Amino acid sequence: MHKSLIAAAIAATLTLSACSSTTPTQDTDLVMVQAQNPFLQASTLQYQAPDFTKIKDEHFQPALTLGMQAQYQQILDIANNPQAPTFTNTIVAMEKSGELLTRTSKVFYNLAGTDSNPTLRKIQSEMAPKMAAHSDNINLNPALFKRIETLYNQRADLGLSAEETRLVEVYYKRFVRAGAKLTEAEKQKIRVLNEEQSTLTNEFAQRLMRLTKEIAIVVDSKEQLAGLSESAINAAAADAAANGHAGKYQLNITNTTRQPVLTQLENRELRQQIWQASAERGLKGANETASLVARLAQLRAERAELLGYKNWAEYRLEPQMAKTPEAVYKMFGSMVPAVVKNTEKEAADIQAMINKTGGDFELAPWDWAYYAELVRQEKYDLDESAITPYFEFDRVLEDGVFFTLKELYGVTLKPRPDLPVYHEDVKAYEMFDEDGSSMAIFYADYFSREGKRGGAWMSSFVAQSELLHNKPVVINVMNIKKAPAGEPTFVSYDEVTTMFHEMGHGTHGMFSKAVYPTLSGTSVSRDFVEFPSTFEEDWAAHPKVLANYAKHYETGEPIPQELLSKLLKSRSFNQGFDTLEYMSAALLDLEWHTLQAGSPLQDVASFEAAALKKHGVDLPAVPPRYKSTYFAHAFPGGYSASYYAYMWSEILAADAFAYVQTQGGLNREIGMKFRKTIREVGNTVPPMEAYKAFRGQEPTTEALLERRGLN
C-alpha cells in the first residue's frame with residue numbers, strides 16, 4: 001500500500017464524518033481518573049516517539065474523548081474570535097489545535113491495524129461515530145467557515161508565502177467539500193450519512209480481520225502440502241499448533257484473491273479449496289461484508305448528490321490529478337485491448353503446460369499461479385528454489401533498502417534498541433543525514449501475525465512540521481511470513497520490491513520539510529502519493545543494489561550472474577495477468593462509486609459480473625485482485641474511487657525512473673534532486689508542478705508500457 005491506511009482512517013474521521021451536533025462537555029471525573037494517562041503530555045522520548053512501556057489499552061478511550069473536547073473548545077475560540085480573521089489567528093491556530101487528539105489517535109489507529117485485540121476493536125467501534133461527529137462539528141461550523149472563506153477571497157492581498165497561500169486554499173476546499181456551504185437542513189443530512197458511513201467502514205474492517213482468521217485452511221497431512229518448502233511446512237505446522245490444531249498444518253489466507261501458496265502446491269483440490277476460501281469470503285455468514293458494500297455504495301452516492309456531484313467518483317476525483325472518472329476510464333480503456341490480448345496468450349501457454357504435464361482439465365483460477373510458474377521455469381530455465389537463498393530478509397533490508405537510501409539520498413539508518421516498541425517483532429531505527437544530523441525515527445514492522453490486518457502500508461506516529469517543531473516518526477508495515485525460530489526468513493522478489501515501495505512512502509514522510517502539518521509528507525492526492533514509492537521499487541533491480549544484497553545467506557556469495565539474468569528477464573512474464581487483475585479491481589471500484597443516488601441496493605456478485613463484462617475484462621481465469629467483499633482499499637480504507645491511483649502513479653514513476661537513467665542512474669546528484677523536488681515538498685505545491693520541477697515536463701505512458709513488458 002501504498003499511502004498509510006491509518007492516515008486514511010484518521011482523514012476519514014476528520015473529513016467524512018457524522019453524528020449529531022451535540023456540543024462535547026468536559027467530564028471532571030474523567031480528567032481526575034486519567035491524571036496518569038501518558039497521552040495527556042507529549043512523550044519525553046526522542047521526537048515524541050510513543051513510550052510503549054507506559055501506554056495501556058485503557059488509556060485510549062479517555063484520551064481520545066478528552067482530545068476531542070479540548071480541540072472543540074479550541075475551534076470555538078477560533079470561530080468566535082471577535083478580531084477580524086487573519087492567517088495567524090485562524091489558519092495557524094487551527095494547525096496548532098488538537099494536539100492531544102492527534103497524539104492519541106496516531107498511536108491508537110496504528111495499533112488497531114498492527115496489533116489489534118478485542119479491547120481495541122471495541123474502542124474503535126465506539127469511537128467511530130464520535131470521531132465522525134467531532135469532525136462535523138468542525139467542518140460544518142458556519143462561523144469558522146466564514147473566517148476561512150474571508151481569507152480565501154483575500155488571499156492574493158495578504159502578503160502570504162506560496163506555502164501559506166496553498167494552505168488557505170486547501171482549507172477552503174476541504175471545508176466546502178465537507179459541506180460548509182450547505183443549508184442547515186442539508187448539513188444535518190450529511191451528519192446522518194457520515195455517522196452511518198463511519199460505523200459501517202469500521203464494521204467492515206473488523207469483519208474482514210475476523211474473516212482472515214476464520215477462513216484459514218487446516219490440512220491434516222504433510223503429504224497434501226507437496227511442493228512447499230520444508231520451511232513453509234514447518235511454519236504451517238507452527239501456525240496450526242498455535243491455533244489449537246497440533247499435528248496439523250494451517251495455511252493462512254492473505255487479503256488478495258490470488259494466494260502466494262498456490263504457486264507451489266501440487267494438490268489441485270487443495271489449491272481450489274484455498275482459492276475459493278479467498279475469493280468467496282464475505283458473501284455469507286456472521287462476518288459477511290456484502291451487505292456493507294452495497295450500503296456503503298448507496299451512502300456515498302447520496303452524500304455526493306448532496307454536495308452537488310453526479311456520483312461519489314466525481315466527488316472524489318475532483319481534487320486529484322485525474323480530475324474526472326471519465327479520464328480514468330479513458331486511461332484504462334486505452335490499455336484493455338492490449339492487456340487482454342497479452343493475458344489470453346499467457347492463458348494459452350498455461351493451458352498448453354497443463355496438457356503437456358498430463359492435466360485433463362481446463363485452466364481455472366486456482367491453476368494459474370501453479371502452472372504459470374512451470375511455464376516460467378521452462379521459458380527462462382528458472383528454478384525458484386535456487387533463487388530463494390539469495391533473498392534473506394535482514395540482508396535485503398539493510399544491504400538493499402537502506403543501502404539504496406544512502407547511495408541516492410545520503411542518509412543512513414541506525415538501530416535504536418533503546419526505544420520501546422509495541423511488539424517484539426518491531427525494530428526501531430534513527431535516520432541521519434549525510435552531515436550527521438538526525439532526521440527521523442523509523443519503525444520496521446514487517447512480519448505477519450494475528451491482530452494485524454493484511455497488506456502493506458506506511459504510517460506515522462508523529463507527522464513532520466516546522467511550525468510545531470516536529471520531526472517525523474514513521475512506520476512501515478508488511479505481512480511477510482516469519483520463519484520458525486532459528487531459521488532464516490526468506491522473501492520473494494515481489495516482497496523485496498514491496499519493501500522498497502514502502503520505504504518510498506517512508507522517506508516521503510521522513511524527508512518532508514513542510515512548515516504546516518496539513519501539507520507535510522504524504523498529505524498529497526491519492527494519484528500522486530504512490531508515485532515516489534513506485535519509483536523506489538525499480539532500484540531493487542539496479543545492478544549495483546542487487547550486487548550488494550542478493551547474496552547467499554550462508555556463504556555470502558553473490559547470486560550467480562546467469563541466475564540473476566534469468567530472474568530479471570522473467571520479471572516481464574505474467575504481466576498480462578498482473579495488469580489485468582489490477583485493472584479489473586480498479587474498474588470495479590469505479591463502477592461501485594459511479595452509482596447515482598437513488599440506486600437500489602446491489603447484489604454484489606451480479607454487480608461484479610456486469611461491471612467486468614462492461615469493460616471487457618471478464619476473463620474467468622483472471623478474477624480481480626480484490627473482489628468487493630474484501631476490497632479493503634475501496635470500502636473501509638481511504639481509496640474509494642481511487643484504486644486507479646496505483647496505475648496513474650506508475651505512469652509518473654516509470655517516466656521518472658527512465659529519465660533518471662539518462663542522468664547517470666544511481667547517483668547522489670539525481671537522488672538529491674528527487675528528494676528536494678518531490679519528497680521534501682509534501683503538498684506545499686500542486687503535484688504536477690512538483691513533477692515538472694523534477695522531470696522538466698509532464699509524463700508520457702511509454703515508459704510504463706516498457707516497465708510492464710506490454711509494448
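**Exercise 1. The surroundings of S642**

Determine whether S642 is buried or exposed in this model, and state which residues it touches.

*Solution.* The relative accessible area of S642 is 0%. Because buried means under 20% relative accessible area, S642 is classed as buried. The structure is a predicted model, and the value is therefore computed from predicted coordinates. Next, S642 is placed in the chain: it belongs to the loop between α23 (604–614) and α24. Finally, with residues up to four places away in sequence left aside, S642 touches R316, R526 and D589.

**Exercise 2. The surroundings of L595**

Locate L595 in the chain, classify its accessibility and list its contacts.

*Solution.* L595 is part of the loop between α22 and α23. Its relative accessible area is 16%; since the limit for buried is under 20%, L595 is buried. Not counting residues up to four places away in sequence, the residues touched by L595 are A297, A301, N311, Q602 and F607. As for K56, it stands 539 residues from L595 along the chain, and the C-alpha atoms of the two are separated by 43 Å.

**Exercise 3. An aromatic pair between distant parts of the chain**

Classify the geometry of the ring pair F52 and F461, and find where each residue lies.

*Solution.* The model has 46 aromatic pairs. In one of them, the ring centres of F52 and F461 are 5.7 Å apart and the planes stand at 70 degrees. Rings pair if their centres lie within 6.5 Å, and planes over 60 degrees apart count as edge-to-face; the pair of F52 and F461 is therefore edge-to-face. The pair links distant parts of the chain, with F52 in the loop between α2 (28–33) and α3 (60–79) and F461 in strand β6 (residues 457–462), 409 residues apart. F52 has a relative accessible area of 12% and is buried. F461 is buried as well, at 5%.

A further case is the pair of Y644 and W648, with 6.1 Å from centre to centre and 90 degrees between the planes, which is edge-to-face. Both Y644 and W648 are buried.

**Exercise 4. F657 and its aromatic cluster**

Identify the cluster that contains F657 and describe the place of this residue.

*Solution.* One aromatic cluster is formed by F528, F531, F535, W539, F657, Y659, F674, Y691 and F694. Within the chain, F657 belongs to helix α24 (residues 645–662). With a relative accessible area of 13%, F657 is buried. Its contacts, not counting residues up to four places away in sequence, are F535, D538 and W539. Between F657 and A693 there are 15 Å from C-alpha to C-alpha, at a separation of 36 residues in sequence.

**Exercise 5. Charges over rings**

Which rings have the charged ends of R281 and R675 over them?

*Solution.* For R281, the ring is that of Y630, and the charged end lies 4.2 Å from the ring centre. For R675, the ring is that of F511, at 4.7 Å from the centre.

**Exercise 6. Two helix crossings**

Describe the packing of α4 with α7 and of α3 with α5.

*Solution.* Two packed helices are described by the angle between their axes and the distance between the axes.

- The axes of α4 (residues 87–96) and α7 (residues 142–154) come within 10 Å and cross at roughly 115 degrees. This crossing of α4 and α7 is left-handed. F87, N89, T90, I91 and M94 of α4 make the contact with L144, R147, I148 and L151 of α7. By class, six residues of this contact are nonpolar, two polar and one charged.
- The axes of α3 and α5 (residues 99–114) come within 8 Å and cross at roughly 145 degrees. The crossing of α3 and α5 is left-handed. F60, A63, L64, L66, G67, M68 and Q71 of α3 meet L100, L101, T104, S105, V107, F108 and L111 of α5. Here the classes are ten nonpolar, four polar and no charged.

**Exercise 7. Positive phi values**

Where do Q48 and N574 lie, and what is the phi of each?

*Solution.* Q48 lies in the loop between α2 and α3; its phi is near 60 degrees, positive in a residue other than glycine. Q48 is partly exposed, at 29% relative accessible area. N574 lies in the loop between α21 (561–570) and α22 (575–592), with phi near 70 degrees. At 10% relative accessibility, N574 is buried.

Technical notes
Residues are numbered from 1 along each chain as its sequence is written. This is a predicted model: local features need pLDDT of at least 70, side-chain atom pairs count only at pLDDT 80 or more; totals for chains, interfaces and linings use all residues. Side-chain values use heavy atoms; hydrogens and water are left out. Rings of Phe, Tyr and Trp (its six-membered ring) pair if their centres lie within 6.5 Å; planes under 30 degrees apart count as stacked, over 60 as edge-to-face and the rest as tilted. Helices (H or I, at least four residues) and strands (E, at least two) are DSSP runs, numbered from the N terminus. Buried means under 20% relative accessible area, exposed over 50%, partly exposed in between (1.4 Å probe, protein chains only). A charge sits over a ring if NZ of Lys or CZ of Arg is within 6 Å of the ring centre and within 35 degrees of the ring normal. Axes are lines fitted to C-alpha atoms, for helices over the stretch in contact, and angles run from 0 to 180 degrees between N-to-C directions. A crossing is left-handed if the near helix is turned anticlockwise from the far one by less than a right angle, and right-handed if clockwise. Contact means heavy atoms within 4.5 Å. Ala, Val, Leu, Ile, Met, Phe, Trp, Tyr, Cys and Pro count as nonpolar, Asp, Glu, Lys and Arg as charged, and the others, Gly among them, as polar.
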